[in-house]
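Visitor: Please take me closely through one part of this model, the nonpolar core, and then set it against the unusual backbone positions and the protein as a whole.

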Amino acid sequence: MHYLQDLKKIVNINSHTQNKHGVDEVGKLMSMWIEELGLKRKSFKRELIGDHLLFKSLRKKGIKILLLGHNDTVFPKGYFEGFREDDKWVYGPGVCDMKGGNIIALQSLRNIFNKNKKIYNIDFLLVSDEETGSDDSKEITSKIALDYDYCFVFEAAGKNLELVTSRKGVGRYIIKIEGKAAHAGTSYEKGRNANLEGAIKLQKYSNLINLEEGTIVNVGKCEGGIGINTVSPHFEMLMEYRFDKKSEQRRVERSVEEITLASYIKGTLSSAQGIIQRDVMEENEKQLELIKFFEKLLNQKIFTEKRGGVSDANIVSNCGVITLDGFGPYGDGDHTKKERALKSSFEQRIEMMTKILDYYQTKQE
């Protein structure tokens, strides 16, 4: 497991998304290792965040594959740092999300290169802002993805080494309510209570939840009012919704618009500003056909799962590319100080990905 020494090197570099220097330092190491395999680097320079990096292999006719990962992690300096290991596990920021996955992709490429001395039609994209929503890299990833037939994403595997075929979409709203201030003791009837309007709307938004369809609506933060003895003149809430189906996305959006425009407390006015942070990644037949092929190729059963969390797989799958996620190691505790990854899962994932990539290299000889 010599590749764990490479993992140690990049885990020991703090690469919080806002730490441009650290993210770029990780990118330099990854670049050095990947360029040794003959891939050519294209850098997308950024001023405030780490540079996004695309490594391109030689070209031949045949299937084109994109490997996808991210160099950034979630914790700033001084909060959760350093690599350690015991007999079964490795610990540290990014060991499973997703520096560990990047190392699996790297080692699989090394295995292919050591066998064939060249790599064809397999490129590797490493972005620097996935943990904050890929707001900057989203457009780059979408454009790059159009050149590929398959995309394999190296976020963490499931407990039984499941691949991920589906991820929820995520939308967000900022909802603002304007009321009218008045003295709560002497002139309550002259006011228009924005807080009360917000409380009613919050319940109505929450009623849009449909767990059977996989739809979650969560008002995560509320602020309103100016004092205990004043009728509130303003109220604001931050709301997120997650969905498994585009039909559910449309239902929620229509309903949010209706609820927002209605005034349950006469005289209040409301507005909603919304964005889709990540489109839903829906399971499809082409994915399942590819998995069946891999089962025959590898002579093993491949389990799959659907996840509520999002990744850059959401972006690529919505470009029409056949996308599978979860090729990283199995781990848990990601986004916490307890993040760890199972050593044996690295071996299993590297073996799997090496065989898959080797098939396409051989096919294209």
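**The core and its surroundings**

Guide: In this predicted model, the protein has 9 helices and 18 strands. Its C-alpha trace spans about 85 × 45 × 40 Å along the principal axes, and 52% of the 365 residues count as buried.

The part you ask about is the largest nonpolar core, which has 54 residues, and those with the most contacts inside it are L7, L67 and F152. L67 is a useful place to look outward from: leaving aside its neighbours within four places in sequence, L67 is in contact with A105, L109, I122, D123, F124, L125, F152, F154 and L357. One of these partners, F152, is itself among the residues with the most contacts inside the core. Apart from this core there is a second, separate one of 17 residues, which includes A194, Y205, V217 and V256. As a general background to such groupings, nonpolar side chains in soluble globular proteins tend to be buried together.

The contacts of the whole protein can be described by their distance along the sequence: among those between residues at least 6 apart, 81% join residues at least 24 apart.

Turning to the backbone, the loop between β5 (89–91) and α3 (99–116) holds M98, and the peptide bond leading from D97 to M98 is cis, with omega near -10°. Two further positions call for attention on account of phi. S134, although not a glycine, has a positive phi of about 55°, and its place is in the loop between β6 (122–127) and α4 (138–145). N299 likewise is not a glycine and has a positive phi of about 55°, in this case in the loop between α7 (285–298) and β15 (304–307). Their surroundings can be read from accessibility: S134 has a relative accessible area of 0% and is therefore buried, whereas N299, at 72% relative accessibility, counts as exposed because the cut-off for that class is over 50%.

Finally, for the surface, the protein exposes about 17000 Å², of which carbon and sulfur atoms supply 49%. As for its charges, the mean positions of the 56 positive and the 53 negative ones are 2 Å apart.

Key
Residues are numbered from 1 along each chain as its sequence is written. This is a predicted model: local features need pLDDT of at least 70, side-chain atom pairs count only at pLDDT 80 or more; totals for chains, interfaces and linings use all residues. Side-chain values use heavy atoms; hydrogens and water are left out. Helices (H or I, at least four residues) and strands (E, at least two) are DSSP runs, numbered from the N terminus. Buried means under 20% relative accessible area, exposed over 50%, partly exposed in between (1.4 Å probe, protein chains only). A nonpolar core is a set of buried Ala, Val, Leu, Ile, Met, Phe, Trp, Tyr and Cys residues joined through side-chain atoms within 4.5 Å. Contact means heavy atoms within 4.5 Å. Accessible areas come from the Shrake-Rupley method with a 1.4 Å probe; for residues, only the protein chains shown count as cover. Lys and Arg count as positive and Asp and Glu as negative; His and the chain ends are not counted. The place of a charge is taken as NZ of Lys, CZ of Arg, CG of Asp or CD of Glu.
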